[in-house]
Amino acid sequence: MTENRTTISVASATLAFACVLAVPLVSAQKENTAPARTKKDNSVYAELTKAPRKAVARRNPLERDPDAVAAGANLFDQHCAECHGNMAEGGRKAPSLLADPVQQATPGTLFWILTNGVVRRGMPVWSKLPEPQRWQIVTFLKSLNPTPKPAQ
Ligand code: HEC
């Protein structure tokens, strides 16, 4: 009998102790998954979702032009690499263009972004580049088609 009681009180003491431990663990976990960072990361590409439907649907007239990729790569080197990185991988000044929101955007959406920029957030307007050159850049961006890195 006494032995049983001891077991029970040890068990409840352990339970109480476990609860005391668990509470800070749970709240620590919550802090780690604070939404602030995720929100910030996504908002870098938020402008892509704001393109008007007509712009989104616009076809790239140079989609199948065999020279457009090389020409677009050249233009990218000249105008975009300084912020977005030589391989469009992103840099200190601007986000990666290999990321899903950019790669999955329609050519028309990317053309719209280039034409209008996101000036208040540091992405310049490229309407001074003739339209065919903007489409060449779009063709180049679409050709990057990054494959996921193999697990290491
Ligand atoms: C002066 C630096 C700078 C240059 C040069 C630049 N960008 Fe950007 N770009 C940015 C920044 C900063 C953002 C993030 C803007 C934001 O937070 O929405 C951005 C965003 C983008 C996006 C994502 C759109 C979005 O939702 O913001 C695309 C696509 C893009 N740039 C393409 C290009 C291309 C193509 C060129 C070259 C013609 C270029 N950029 C040149 C700074 C630059």
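**View 1. The shell around the ligand, sorted by residue class.** In this predicted model, the shell around the ligand is made up of 18 nonpolar, three polar and four charged residues. Which residues come nearest to the ligand? Out of the 25 residues around it, they are Glu47, Cys80, Cys83, Ala94 and Met123. Two elements give two or more residues each to this shell: helix H5 (81-84) and helix H7 (107-116).

**View 2. Helix H8, from end to end.** Here we follow helix H8, which covers residues 131-144. Its 14 residues, at 1.5 Å a residue, should span 20 Å, and the end C-alpha atoms are 21 Å apart, so the expected span and the model agree. Just after H8 comes Asn145, which takes a positive phi of about 30°.

**View 3. The buried residues of H8 and what covers them.** Look along H8 and you will meet a run of buried residues: Arg134, Trp135, Gln136, Ile137, Val138, Thr139, Phe140 and Leu141. What covers them? The cover includes helix H4 (68-79), helix H6 (100-103) and H7. H7 may be familiar from the first view, where this helix gives residues to the shell around the ligand.

**View 4. Asp65 and its distant partner in sequence, Gln136.** Asp65 sits in the loop that links helix H3 (53-57) to H4. Is Asp65 buried or partly exposed? Asp65 has 16 C-beta neighbours inside 10 Å, and therefore counts as partly exposed. Gln136, in contrast, is one of the buried residues of H8. Along the chain Asp65 and Gln136 are 71 residues apart, yet 8.7 Å separates their C-alpha atoms.

Key. Residues numbered from 1 in each chain as written. Predicted model: local features only at pLDDT ≥ 70, side-chain atom pairs only at ≥ 80, totals over all residues. Near = placed C-beta within 6 Å. Helix = DSSP H or I, 4+ residues; strand = E, 2+ residues; numbered from the N terminus. Nonpolar A, V, L, I, M, F, W, Y, C, P; charged D, E, K, R; others polar. Expected span 1.5 Å × (residues − 1). Buried ≥ 20, exposed ≤ 12 C-beta atoms within 10 Å, placed from the backbone. Contact = placed C-beta atoms within 7 Å.
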